[in-house]
Every structure is written in structure tokens, then in C-alpha cells.
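Me: I am new to this structure. Walk me through the reasons behind the labels, please.

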Amino acid sequence: MSRLCGVSTCAASFRACADVRDAERARSLLRDATETATMLESIDAMQELHVKYNIGTAVDERERIRKTAARVGLGIPEWNDPQSTVLDKYHKQLHEDATEKADQVAAAEAKAKQADDALRIKKA
């Protein structure tokens, strides 16, 4: 959807210059149009690669391994071992701790901004 918005914006921009008579300006606009088309094609290709190789998606480690194995024609057995359950709990706890710390930092930053704003108001 963002690509369609970008295309319509670019198209509108180039349509606005349809009556340009200066040869140098026309070459410049043509070069810009070519670069824009190349950029949009590259964005499409990059998005396809991201989807194909699960880059930046919220896939857990097991799912990523399963998909990677499937890509080369292999299957993996179900994981029910207690060690991975312990590791999963450990990783979950680490994530929760990091989220809690991030929330604390955000709250401290908000309080500091309020204090700064209050000082600015007093000085003014």
C-alpha cells in the first residue's frame, strides 16, 4: 500500500511538469523518473526477500529453524525436551525484564522532560 502511495505521489509530481520545454530540465526529470522507478523496483525486491527469508518478522527461534529446514527440503522433529522449555522460560524472563527496564527508562525520561518544561516556564 505504501508503494502505491509513493507511485501516485511520484506520478503526480511528474505530471505537474508535463509542459516543460527546457531540454536540460526534461533530461533531469527523465533521470529522476528513471531513478524513482529503479528505487521502487528495488524496494519491491527487498520486501520479497524479507518475506522469503523471514527477516525482521516476529518468528520464534524454533519456527525460524523449521522454515529454514523446509526451504532446503528437510523436516525437523518436534521439540519436547525439558532443556528447551527451561531455555524458553529463561528467554521469556529476560524479555520481560528488558521490557520492564525500558518502561522505567521511558517513565524517567518523561518525568525529566516535565521537570525541564516546568523550569522553562518558571524562567520565562
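Reply: Start with charge. Glu96, Asp97, Glu100 and Asp103 form a negative surface patch. Keep in mind that this model is predicted.

Me: What makes the patch of Glu96, Asp97, Glu100 and Asp103 negative?

Reply: Asp and Glu count as negative. The patch is formed by Glu96, Asp97, Glu100 and Asp103, so the label follows from the definition.

Me: Why is Asp97 called partly exposed?

Reply: Asp97 has 35% relative accessibility. Partly exposed covers the range between under 20%, which is buried, and over 50%, which is exposed. So Asp97 counts as partly exposed. Asp97 is found in helix α4, residues 82-123.

Me: Which residues form the nonpolar patch on the surface?

Reply: Met46, Leu49, Tyr53 and Ile55 form that patch. Together they have about 370 Å² of accessible area. Met46 lies in helix α2, residues 23-52.

Me: How do you know that Met46 is partly exposed, not buried?

Reply: The relative accessible area of Met46 is 45%. Buried would need under 20%, and exposed over 50%. Therefore Met46 is partly exposed. Helix α2 does have buried residues: Ser28, Leu29, Thr36 and Leu40.

Me: How do you know that the span of α2 agrees with its 30 residues?

Reply: At 1.5 Å a residue, α2 should span 44 Å. Its end C-alpha atoms are 43 Å apart, so the two values agree.

Me: Why is the contact of Glu24 and Arg27 called a salt bridge?

Reply: A salt bridge needs a side-chain nitrogen of Lys or Arg within 4 Å of a carboxyl oxygen of Asp or Glu. The side chains of Glu24 and Arg27 meet at 3.1 Å, N to O, so the cut-off is met. Both residues lie in helix α2, 3 residues apart, about one turn of the helix.

Me: How many salt bridges does the structure hold?

Reply: There are 2 salt bridges. Asp117 and Lys113 also meet in one, at 3.2 Å, N to O. They lie in helix α4, 4 residues apart, about one turn of the helix.

Me: Why is Lys113 called exposed, and why is Asp117 called partly exposed?

Reply: Exposed means over 50%. Lys113 has 53% relative accessibility, so it counts as exposed. Asp117 has 26%, so it counts as partly exposed.

Me: What is the secondary structure of the whole chain?

Reply: The chain has 4 helices and 0 strands. Along the sequence, the pattern is α-α-α-α. Buried residues make up 6% of the 124 residues.

Methods
Residues numbered from 1 in each chain as written. Predicted model: local features only at pLDDT ≥ 70, side-chain atom pairs only at ≥ 80, totals over all residues. Heavy atoms only, no water. Patch = residues over 30% accessible without salt bridge, like charges linked within 9 Å, V, L, I, M, F, W, Y side chains within 5 Å. Areas by Shrake-Rupley, 256 points an atom, 1.4 Å probe, with all protein chains shown as cover. Helix = DSSP H or I, 4+ residues; strand = E, 2+ residues; numbered from the N terminus. Buried < 20%, exposed > 50% of the residue type's maximum accessible area, 1.4 Å probe, protein only. Charge placed at Lys NZ, Arg CZ, Asp CG, Glu CD. Expected span 1.5 Å × (residues − 1).
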